[in-house]
Amino acid sequence: IISKLAFAQTISFEEALNQTIENSKDLQKQKINIDIAKTNSDFIDGLNFGKVSLNSDISRTNHSGYVFMGKLSSREATFKDFGFAQNTGDMSIAPKDLNYPDSYTSINSYISYDLPLFTGFALYHQKGILKLQVKANEILYNLDKKTLEFEVLKAYNSAVLAKDFVKTMQKAKDTIGFIKNGAKEFHKNGLVTKIDVNEAELYFLNTNSNLIEAENNFKLSLAYLKFLTSNENISDVENLQNTYLEIKEFEDLYKIALKNRDEITLQNISIEANNKNIKANQGSYYPSVFTHLEYGYNDDKFSTSKDKDYYMALLGISLTLFDGTRSANLEKSRLEYLKAKLDFEKLQDGIKLEVQKAILDYKAKQEILKEKILASELASSVLNQAKLQYKNRLISMTTLLSQETNYRQSQTMLLNAKYENSLALARLNLVLGQNLQKDYKWDF
């Protein structure tokens, strides 16, 4: 118990938010996705630099063509290998030395360099697409971060709400306990009946049950907050967290949303990537140019003798004259580009609706909160009057307990209204595409 108390922590919203962002496995995974995207971009750079290979091909065969080629490659071929020993002047004779050679071992060891010189700009545009994927993953990181920030605020304020419910129920229990004890004293003096005492006792037990439930809900809220923050020492929270922003005219807020929303940036990236994909597919109509350089040794054993070395420099040009898939791929990429532009327009309309709904919801929650504050004040006044009336035997126990119920319900509804108002404001902030974490900077 002493150990738990020593590490018990009352956490602020800023601390909960920072710990969640730091320890989030989902955000860590998204950072890995960014690194993967960067690696994919490096892959294109690797292709542009070409490929160097060290090779060694070892074969043993009695295939006449391979044997003859192997001896020529290692510069060992003799006139006997051509079959001249069986030449009698008859040109129709099939020389045995040429057609039925002994088995021969060929070892070709060489280093090669392959480089694409021109790919119809396909590699250039593919690199551009992969760079856009890196940017898209960075934007997705921030989008996930904003969503997580909202979830932390909701969880934190839910814990504060549960804590305030506990306080409300504790006060209600104290109030009902006072009424119950007063009823017992009145009963001893013959001022009230046993029914009044039992009714107060029943109400006290029910209130205590509600208190136990409220305490459990607070523990559950803290458990979720511990899960988000990866901090098992959290034992309490502070006050309800409200984001503050200047409520402007709808058109101004809509412009802010279009400027800040990560989804807009992602869709612009999609449009640009699809445009580059069109150009990449157009590259299949250009010729491709490549080179292959090779230097090595060919012998019937491993050798580095200058007599056995060779080199080869190849420049290749390939032009596809007909390929039925080229036009299909090009048309598909054009259609994807048009679809991305339509998605962009649809996204703008969707954001417009989200901003409208968020503003209307926030304004409604504001009005409801004002009403609940007035209702709570009125219920408190009515309860105080009811206590005085009961003391003077002007109302029954049932009426007094009814007014206490009304007051407690008004307090509960006020707490809920404050919670809903905080969420409505945070949701509007999220719809506008703004971060909750202060001084947020990219850390990639």
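**A walk along the chain, starting at lysine 194**

Lysine 194 sits in helix H7, which covers residues 194-229. Keep in mind as you look around that this is a predicted model. Lysine 194 has a relative accessibility of 47%, so it counts as partly exposed, given that exposed begins over 50%. Now look for lysine 184, ten residues away along the chain: its C-alpha atom and that of lysine 194 are separated by 8.4 Å.

Next, go to the loop between H7 and E4, where you'll find serine 230. What is the sign of phi at serine 230? Phi of serine 230 is positive, near 60 degrees, and this residue is not a glycine. That deserves a second look because most residues other than glycine have a negative phi. As for its surroundings, serine 230 is partly exposed, with 45% relative accessible area.

Arginine 393 makes a good companion stop. Here too phi is near 60 degrees, a positive value in a residue other than glycine. Arginine 393 belongs to the loop that links helix H10 (324-391) and helix H11 (397-431). With a relative accessibility of 35%, arginine 393 counts as partly exposed.

Back to strand E4 (234-237): between this strand and helix H8 (250-260) runs a loop, and glutamate 249 lies in it. Is glutamate 249 buried or exposed? Its relative accessibility is 59%, so glutamate 249 counts as exposed, the cut-off being over 50%. Glutamate 249 also has charged company: together with Glu246, Glu251 and Asp252, it forms a patch of negative charge on the surface.

Now for a couple of buried spots. Serine 12 is in the loop between strand E1 (9-11) and helix H2 (13-23). At 10% relative accessibility serine 12 counts as buried, since that label applies under 20%. Which residues does serine 12 touch, leaving aside those up to four places away in sequence? They are Tyr156 and Glu238.

Lysine 71 is the last stop, in helix H4 (residues 64-73). This lysine is buried because its relative accessible area is 19%, and the limit for buried is under 20%. If you leave out residues up to four places away in sequence, lysine 71 touches Glu76, Ala77, Asp81 and Tyr104. For a last look at the two lysines, set lysine 71, buried at 19%, beside lysine 194, partly exposed at 47%.

How values were computed: Residues are numbered from 1 along each chain as its sequence is written. This is a predicted model: local features need pLDDT of at least 70, side-chain atom pairs count only at pLDDT 80 or more; totals for chains, interfaces and linings use all residues. Side-chain values use heavy atoms; hydrogens and water are left out. Helices (H or I, at least four residues) and strands (E, at least two) are DSSP runs, numbered from the N terminus. Buried means under 20% relative accessible area, exposed over 50%, partly exposed in between (1.4 Å probe, protein chains only). Contact means heavy atoms within 4.5 Å. Patches are made of residues with over 30% relative accessible area and no salt bridge: like charges are joined within 9 Å, nonpolar side chains (Val, Leu, Ile, Met, Phe, Trp, Tyr) within 5 Å. Accessible areas come from the Shrake-Rupley method with a 1.4 Å probe; for residues, only the protein chains shown count as cover. A salt bridge is a side-chain nitrogen of Lys or Arg within 4 Å of a carboxyl oxygen of Asp or Glu. Lys and Arg count as positive and Asp and Glu as negative; His and the chain ends are not counted. The place of a charge is taken as NZ of Lys, CZ of Arg, CG of Asp or CD of Glu.
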